[in-house]
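Good morning, and thank you for the time at today's meeting. I would like to speak about the enclosed spaces inside one protein model.

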Amino acid sequence: MSHKAHPPSEAAEPETPHLDPNLDFAGTTPYEDYVKADVLTHLQHTLSDDPGEMVFLVTTQVMELWFTVIVHEWETAADAVRRDDVPTAVAALKRSVRELEALNASWKPLGQLTPAQFNSYRSALGEGSGFQSAMYRRLEFLLGEKSASMLVPHRGAPRAHAELEKALHEPSLYDEVVRLLARRGHAIPESVLNRDVSQRHDHSDAVEAAWTAVYSGDQDDELARLGEALTDVAELVWRWRNDHLVATRRAMGAKTGTGGSAGVAWLEKRARKNVFPELWTARSHV
Ligand code: HEM
């Protein structure tokens, strides 16, 4: 962020450039007005006296911010695909790939928690769990992993619930891509094109055949580049899930999760799901 230079002062040599930043602002600084850093850095309300809880809370908040940016990029990409603007979609997906790398790097501070360290504040979390993250759920919905039951925890939070409900009934990023494949001449059946988009996307042989054709053709083709950007996204989401799984296994073994699930066993099942399944299965046929 740049600041306006001072006007030349009477006392200074006329040629002396002003090197120091501006210190005088009538109200709050323009930085604060833009970044809201004062709000952001006073949202860390830890629930225990354990000094290790702060990094757990902040890492979770940092990840929520990355989820928010990534949702924004994927919504931009979905909208661009809908308008047949593949370069804009690929640019947004590529930004999201760098952001996913930064998101995944934020596991570092929590990746090696021991059960004793985690136990020092775990009980203070009560029934709180990342499972209740509305922004993570929007991210999954955009990938095509829809589920109406995932709205239930958010009944008491009207804004999050409304956003999730809208996302549930909108075509996912992947739905938009599959429709694009059809517009570009690939044979996608009506049952896939007009599917109930509030349900999760299931593997389709026709979509797999379309990707097989794309990957067998010119690799500089727009669709091939879109396919690779989506594959990068899928791989990094899978990495996030696996890093989460390993961090959880280290911190709490096979104990039940604070959110009430079987913990690691439940997360293992979730991490096994393939994002954009046909982009992976098509590779066996190229
Ligand atoms: C070492 C620290 C962590 C442990 C031990 C842990 C543990 C768990 C467990 C056991 C679950 C399953 C649901 C439940 O019963 O609670 C879960 C789900 C989840 N956690 Fe964590 N978690 C950790 C850190 C984080 C962080 C930093 C985030 C960032 C937001 C996060 C986000 C999530 C999400 C989004 C789910 C739902 C996954 C899904 O629906 O497939 N977790 N976590």
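**Two cavities and their linings**

The largest cavity in this predicted model holds about 50 Å³ of space. In total, two cavities of 30 Å³ or more were counted.

Let us begin with the largest cavity. Which residues line the largest cavity? They are Asp 175, Val 178, Arg 179, Val 192, Leu 193, Arg 195, Val 197 and His 201. Two elements each give two or more residues to this lining: helix H8, which spans 173-183, and helix H9, which spans 190-193. Helix H8 supplies the largest share, with three residues. In terms of class, the lining of the largest cavity is mixed, with four nonpolar residues, one polar residue and three charged residues.

I turn now to the second largest cavity, which contains about 30 Å³ of space. Its lining consists of Phe 67, Leu 100, Leu 103, Tyr 136, Leu 139, Val 237 and Trp 240. Here the elements that contribute two or more residues are helix H4 (86-105), helix H6 (134-143) and helix H11 (222-252).

How many nonpolar, polar and charged residues does the lining of the second largest cavity have? By class, seven are nonpolar, and there are no polar and no charged residues.

To close, please keep both linings in view. Around the largest cavity, three charged residues and one polar residue accompany four nonpolar ones, whereas the lining of the second largest cavity has seven nonpolar residues, with none polar and none charged. Thank you for your attention.

Methods
Residues are numbered from 1 along each chain as its sequence is written. This is a predicted model: local features need pLDDT of at least 70, side-chain atom pairs count only at pLDDT 80 or more; totals for chains, interfaces and linings use all residues. Side-chain values use heavy atoms; hydrogens and water are left out. On a 1 Å grid over the protein atoms alone, a cavity is a set of points where a 1.4 Å probe fits but cannot get out, and a pocket is an open set with protein on both sides within 12 Å along at least five of seven lines; lining residues have an atom within 4 Å of a point. Grid points are joined across faces, edges and corners, and a volume is the space filled by probe spheres set on the points. Helices (H or I, at least four residues) and strands (E, at least two) are DSSP runs, numbered from the N terminus. Ala, Val, Leu, Ile, Met, Phe, Trp, Tyr, Cys and Pro count as nonpolar, Asp, Glu, Lys and Arg as charged, and the others, Gly among them, as polar.
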